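Okay, thanks for coming, everyone. Let me put the structure up so we can walk through some helix packing together.

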Amino acid sequence: MTNTDWPLWEVFVRSRRGLSHTHAGSLHAPDAELALRNARDLYTRRGEGVSIWVVPSAAITASSPDEKDPFFEPAADKPYRHPTFYEIPEGVKHL
Amino acid sequence: MTLTVNTAAALALGDDALVLSHRLGEWAGHAPVLEEEVALANIALDLLGQARVLLSMAGDEDELAYLREERAFRNLQLVEQPNGDFAHTIARQLYFSTYQRLLYAQLASGDSEFAPLAAKAVKEVAYHQDHAEQWTLRLGDGTDESRERMSRACQALWRFTGEMFQPLDGVDVDWDGMRAAWLESVEDTLRRATLTVPEGPRTGAWTAGAGRQGLHTESFGRMLAEMQHLHRSHPGASW
C-alpha cells in the first residue's frame with residue numbers, strides 16, 4: 001500500500017437526524033465526489049450515519065498548540081460562566 | 001399460494017454473486033489504495049450476502065459453494081474473468097452491476113420467490129453501479145495511461161456481455177428490454193468517459209457464453225481450487 005498523491009479529506013458524519021455532523025476521521029481521494037464515496041465505505045459501513053460531509057484537510061484552519069495558553073487558559077478560572085448558579089425548580093426533569 | 005423456488009435460476013443468480021464476490025475479495029491486500037480496497041471488499045460482501053440467500057434457496061449453501069465441480073457452476077463467464085489491472089476490474093463491475101441492477105429492479109417489482117431478495121439487493125447494486133461509473137469516468141477521461149488501460153479493458157470484456165441476456169427459466173423478466181436498457185446505460189457512461197463503445201459481436205460464434213450451461217474459461221478452475229481447498233481439506237472447518 002504505497003502513499004499516493006491524492007489529497008487528504010476530513011470526514012464528518014451525522015449519526016442521525018437532529019444531531020450535528022461529528023468528525024469521524026480522514027481519508028485520501030482524488031476529488032470530492034470520490035471522497036464522499038470512500039467516506040461512505042470507510043465510516044458508515046456499520047450503519048453509523050445518515051449524512052456525510054467531506055472537507056479538504058488543507059481548507060481547515062486550526063488553532064496552534066503554541067497558542068494553547070492564550071487561547072484556552074483564561075477560560076479556566078471563570079466558573080461564573082458555567083450555568084451552575086441557580087436552583088433547579090422542583091419538577092423539572094430534563095434539564 | 002405456495003411459491004416454488006426455481007432451483008436452477010437460484011443457482012445461476014447465486015453463482016454470479018458468489019464468483020464475483022470471490023474475485024473482488026482477491027483484491028484484499030493488493031488494491032491500489034487502502035480506501036479502494038475497502039470499497040471493493042464492501043461490494044464483495046454485499047455479493048456474498050446475496051449468494052448465501054440464493055444458494056440456500058437451491059440447497060445447502062456450503063455444499064454448493066465448496067463441493068461442486070467446475071462444470072456444475074452456472075455463473076456467467078464475465079464474472080469469473082481474472083481481475084487483471086484495476087481497469088479490468090472496473091470494466092467488469094460496470095458491465096455486471098448495470099445488468100444486475102436492471103435484473104433486480106424487475107425482480108423486485110414482481111411477485112416471484114426472488115422479489116424479497118431483489119428488493120433489498122437492488123439498493124446495494126445501485127451503489128456498485130455508481131462506484132463503477134465514477135471510476136470509468138475518471139479512468140477514461142484521465143491520463144493517457146489510464147485511458148489506454150480502461151479502453152483495453154472495456155474492449156477485452158465486451159464479448160462476455162451478450163451472455164447476460166440469455167433468458168433464464170424461472171426468471172420472469174423482459175430480457176429484450178433489459179438488453180436495450182443495458183446498452184443505453186453502458187454506452188452513455190462510456191461516452192461521458194470519452195471512451196469508444198467497443199465494436200464486435202456480443203452474441204454468436206465468436207463470443208463467449210456458455211457459463212449458464214456449465215462451460216467455463218481457463219482461469220475459473222484455478223479460482224475454484226483456491227476458493228474450495230480449505231473446505232475440501234478440512235470438511236466442516238470453523239473458527
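**Helices in chain B, and the way to chain A**

So, let's start with a pair: the axes of α1(B) and α2(B) cross at roughly 155 degrees and come within 7 Å. Before I go on, keep in mind that this is a predicted model. Anything over 145 degrees counts as roughly antiparallel, and therefore that is what we call α1(B) and α2(B). As for handedness, α1(B) passes α2(B) in a left-handed crossing.

Who's doing the touching? On the α1(B) side the residues include Leu11(B), Gly14(B), Leu18(B) and Ser21(B). Across from them, α2(B) brings in, among others, Ala44(B), Leu48(B), Gln50(B) and Leu55(B). And if you sort that contact by class, you get 18 nonpolar residues, five polar ones and no charged ones.

Let's stay on α1(B) for a second. Is this helix mostly buried or exposed? Well, 16 of its 19 residues are buried, so α1(B) is largely enclosed by the rest of the structure. There's also a little geometry check you can do. The helix runs over residues 7–25, and at 1.5 Å a residue it should span 27 Å. The C-alpha atoms at its ends sit 26 Å apart, which agrees.

Okay, next pair. Helix α5 of chain B, residues 86–109, packs with helix α7 of chain B, residues 144–158, at an angle of about 50 degrees. Their axes are 8 Å apart. That angle makes α5(B) and α7(B) oblique to each other, and their crossing is right-handed.

The α5(B) half of that contact is Ala87(B), His88(B), Ala91(B), Arg92(B) and Tyr95(B). From α7(B) you have Arg149(B), Met150(B), Ala153(B), Cys154(B), Ala156(B) and Leu157(B). By class, the contact of α5(B) with α7(B) has eight nonpolar residues, one polar and two charged.

Last bit: the other chain. How many residues of chain B are in contact with chain A? Nine, and they meet 13 residues of chain A. On the chain B side, α2 (34–58) and α6 (115–140) each supply at least two residues. The largest share there, five residues, comes from α2(B). So we've come back to a helix from the opening pair: α2(B) packs with α1(B) and also contributes to the side that touches chain A. That side of chain B divides into four nonpolar, three polar and two charged residues.

That's what I had, happy to go back to any of the pairs.

Key
Residues numbered from 1 in each chain as written. Chains lettered and ligands numbered in written order. Predicted model: local features only at pLDDT ≥ 70, side-chain atom pairs only at ≥ 80, totals over all residues. Axes fitted to C-alpha atoms, helices over the stretch in contact; angles between N-to-C directions. Helix = DSSP H or I, 4+ residues; strand = E, 2+ residues; numbered from the N terminus. Parallel < 35°, antiparallel > 145°, perpendicular 65-115°, else oblique. Left-handed = near helix turned anticlockwise from the far one by under 90°. Contact = placed C-beta atoms within 7 Å. Nonpolar A, V, L, I, M, F, W, Y, C, P; charged D, E, K, R; others polar. Expected span 1.5 Å × (residues − 1). Buried ≥ 20, exposed ≤ 12 C-beta atoms within 10 Å, placed from the backbone.
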